[in-house]
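Biologist: I'd like to go through the charged pairs and one of the helices here. Can you put it up and talk me through it?

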Amino acid sequence: MQRTEVPEVAEVLAVQTAVVQVAHHIDGRRWPSLRQLFLDTVQTDYTSLFGGTVVEQPADDLIGGWQKIFAFLDATQHLLGPIEVVVRQTDAVAECHVSAYHRASRAASGHDWTVAGHYVFGLRKTAAGWKVRSLKLETYYQKGNLKLLAEASGGS
C-alpha cells in the first residue's frame with residue numbers, strides 16, 4: 001500500500017490561524033497587522049461579487065483600498081468556518097464559508113449589507129510564517145443594501 005504524505009498538524013493550524021487573523025484584523029481595523037499576513041504581491045478575485053476581472057496588485061494597495069472603503073463603515077463582521085486546509089510543501093490552499101456583515105448608518109437605502117459565500121485562500125510559507133498570496137470570493141448570495149459601499153462613501 002502506498003502511503004500519501006500527511007501535513008503536520010502544526011502546519012494546518014498555522015494556515016488556519018493566518019486565515020482567521022485576516023478576518024479579525026479587517027474587522028478590528030488593524031491595518032499594519034493585516035498587511036503582515038500578505039505577500040508583497042497578492043491576487044484577488046471578487047468577480048462573483050463586483051464583476052470586473054481578477055486583480056494582481058501590491059499588498060499595500062489592497063490593504064490601503066480596504067482601509068479607505070472601511071473608513072465609511074460603522075462596523076463589519078466576517079464569520080468564517082470551517083476552514084479546510086491542504087498543504088503541499090510551501091504552498092497551501094484554505095477554503096471556508098464566509099458571512100460578511102457590513103453596517104453603515106450614513107447609507108441612504110439601508111444600513112446593512114451581508115454577503116454570504118465561500119473563500120479560497122492561497123498561501124505560501126515564508127521564513128516569517130504563512131502569507132496570503134491569493135484570495136477568491138465565491139459569492140452565494142447578498143441581502144440588504146447592495147449599494148451600501150457606494151452610498152456610505154458618498155458615491156451613487
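Modeller: One term before we start: buried means under 20% relative accessible area, exposed means over 50%, and partly exposed is in between (1.4 Å probe, protein chains only). Bear in mind this is a predicted model, where local features need pLDDT of at least 70, side-chain atom pairs count only at pLDDT 80 or more, and totals for chains, interfaces and linings use all residues. Residues are numbered from 1 along each chain as its sequence is written, and side-chain values use heavy atoms, with hydrogens and water left out.

Biologist: How many salt bridges does a search of the whole structure find?

Modeller: Side chains of opposite charge can pair when their charged atoms come close. The cut-off for a salt bridge is a side-chain nitrogen of Lys or Arg within 4 Å of a carboxyl oxygen of Asp or Glu. Searching the whole structure that way, the count is seven.

Biologist: Which residue forms a salt bridge with Arg103?

Modeller: Arg103 is partly exposed, at a relative accessible area of 28%. Its partner is partly exposed too, at 31%. The closest N and O atoms are 2.8 Å apart, and the partner is Asp112.

Biologist: How far apart are the closest N and O atoms of Lys136 and Glu138?

Modeller: Lys136 counts as partly exposed at 34% relative accessibility, and so does Glu138 at 28%. The two form a salt bridge, with the closest N and O atoms at 4.0 Å.

Biologist: Which residues do salt bridges that share partners join into one network?

Modeller: Start with Arg35, which is buried at 15% relative accessible area. Arg35 pairs with Asp40, closest N and O atoms 2.8 Å apart, and Asp40 is exposed at 58%. Shared partners make one network of Arg35, Asp40 and Asp60.

Biologist: Where on α4 do the buried residues sit?

Modeller: Helices (H or I, at least four residues) and strands (E, at least two) are DSSP runs, numbered from the N terminus, and α4 covers residues 59-70. The buried ones are Ala59, Leu62, Ile63, Trp66 and Phe70. Because they cover an arc of only 90° around the axis (taken from the directions from the helix axis to the C-beta atoms), they lie on the same side of α4.

Biologist: And which residues are exposed on the other side of α4?

Modeller: An α-helix has 3.6 residues a turn, so residues three or four places apart point the same way. On the side of α4 away from the buried residues, the exposed ones are Asp60 and Lys68.

Conventions. Expected span 1.5 Å × (residues − 1).
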